[in-house]
Amino acid sequence: MGGNNIVVVKDAFARRYVDVDVVDRVASNPSGKGVWPPLPAGDNYGTRPYPRALNDMGLRAQYRDGKEILNGYGVSIVLGPAPPLSPAERGEELFNSRELSANREKSCYSCHVDGHSTYQLADTLGDDTTGTPKRIPTLLGIRLTDPWAWNGKQRDLSEQVRKSLETTMHAKEFTQQQVGDLVAYLHTLEPPPPLEPATDDSADQEKLTRGEMLFQNLGCTKCHVPPLTFTSPDAYDVGLIDEKGLAKFNPPSLRGVSQGYTFFHDGRAKSLGEVFTVHGHMLDRALSDNELADLLRFLRSL
C-alpha cells in the first residue's frame, strides 16, 4: 500500500493488523488493536473500511441450487454442478450465513472467525444473565470440551447450539435439522494447534519437562486435566467474579492456548504471562523468572 513496500497484514481472528515491510522484512505497529489503516478514496466497503488488497481475498464458496459458487464483495463465480452437501457442509453454510440471525445482521462467523474467536467481549445471555459480557471462546475442538457456556451448565452440544441461536442470534425460527447440521460442522473443527510446538532440541525438551512438572505440582491439573482436553466438567471459584456475582466458571481448554490474546472470562489478562505475574492465577507463591519461563513454554506447546 502507498507504494512504500508496506503490506497491511490483518489477523484473521481479531481486530489487529501489522504493517510489514516486504523488502526489509520488518513488522511495525505490532499492537494494532482495534485500529484500521487509512484507505485510498473509493476503498470503503459497506460500513467497515478494509484495504482493497485484503478484500480481494474475501471470496467464500457457497452451495446454491445444486451449484458451487464463489461469492464475495460483489463478485460471483459459478463453479458448476456440485454433489449434495453433507450435514457438516450444510452446517458450515449455516455457520457462515446470516440466515438464522434476527434481521439477518450477523452470522456465527461474525464472532467465531473460521470457528475460532475474535477475543472480544459479548453479552450473549449464554450464562442466563444480562449485563455480564464474557470473552468469546474459540469453537475449535469444541466437541471435546463439554460442558459448554462459561458457567458449564450446557451438557449437550445440541442444546448449546439451540440456546446460542435463541439467545445470541435471536433467531426467529430454525429447525432441528439445522441444529443437527451446525453440530455436525462443529464436530469437524480440530483443536487449535500450538504456535510453539515441542521440538527435538534437548534443551527445549528439558524446559518442557520442567514446565510440565510445575503444571502438575502447582495443582493446575485439577481444573485443566491432561492429556486430551486440559479442561474438566466442573465449575470452579478461581477468585474472579462477574458483574452479577457469578464466581464459578468452567475452565476453558488449554489446547492451543498460545493462540489467545486475552484470558479469563472477561479478558482481564492481556497476555498468557499476565495470568500469573499480574493476577497470580491460583498460585500460593510467586514464581521465579525461570519457573515462569518453563511453565509458559509448556503451555505454549499444548
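How many aromatic pairs does the count come to in this protein? The count comes to six aromatic pairs, and two of them appear in the close-ups below, taken from a predicted model.

**View 1. The rings of Phe95 and Tyr185 form a tilted pair.** The ring centres of Phe95 and Tyr185 lie 5.2 Å apart. Their planes meet at 55°, and because an angle over 60 would be needed for edge-to-face and one under 30 for stacked, this pair is called tilted. Look along the chain and you will find the partners 90 residues apart, with Phe95 in helix α2 and Tyr185 in helix α5 (residues 176–186). Are these two residues buried or exposed? Phe95 counts as buried at 2% relative accessibility, and Tyr185 counts as buried at 8%.

**View 2. The rings of Phe215 and Phe298 make another tilted pair.** Here the centres of Phe215 and Phe298 are 5.3 Å apart, with the planes at 55°. Phe215 belongs to helix α6 (residues 202–217) and Phe298 to helix α8 (residues 289–299), so the pair ties together parts of the chain that are 83 residues apart in sequence. Phe215 has a relative accessible area of 3% and is buried; Phe298, at 7%, counts as buried too. Keep an eye out for Phe230 as well: ring pairs join Phe215, Phe230 and Phe298 into a cluster.

**View 3. Ala88 sits in helix α2 (residues 87–96).** Which residues does Ala88 touch, leaving aside its neighbours within four places in sequence? The contacts of Ala88 are Asp181, Ala184, Tyr185 and Thr188. Tyr185 will be familiar from View 1, where its ring pairs with that of Phe95. Ala88 and Leu186 are 98 residues apart in sequence, yet 7.8 Å separates their C-alpha atoms in space. With a relative accessible area of 19%, Ala88 is buried, because the cut-off for that label is under 20%.

**View 4. For context, the protein as a whole has eight helices and 12 strands.** Of its 302 residues, 39% count as buried. About 16700 Å² of the protein is exposed, and carbon and sulfur atoms supply 53% of that area. Among contacts with a separation of 6 or more, 48% come from residues 24 or more positions apart. The links shown in the close-ups can be read against this background: Phe95 and Tyr185 are 90 residues apart, and Phe215 and Phe298 tie together parts 83 residues apart.

Conventions: Residues are numbered from 1 along each chain as its sequence is written. This is a predicted model: local features need pLDDT of at least 70, side-chain atom pairs count only at pLDDT 80 or more; totals for chains, interfaces and linings use all residues. Side-chain values use heavy atoms; hydrogens and water are left out. Helices (H or I, at least four residues) and strands (E, at least two) are DSSP runs, numbered from the N terminus. Buried means under 20% relative accessible area, exposed over 50%, partly exposed in between (1.4 Å probe, protein chains only). Contact means heavy atoms within 4.5 Å. Accessible areas come from the Shrake-Rupley method with a 1.4 Å probe; for residues, only the protein chains shown count as cover. Rings of Phe, Tyr and Trp (its six-membered ring) pair if their centres lie within 6.5 Å; planes under 30 degrees apart count as stacked, over 60 as edge-to-face and the rest as tilted.
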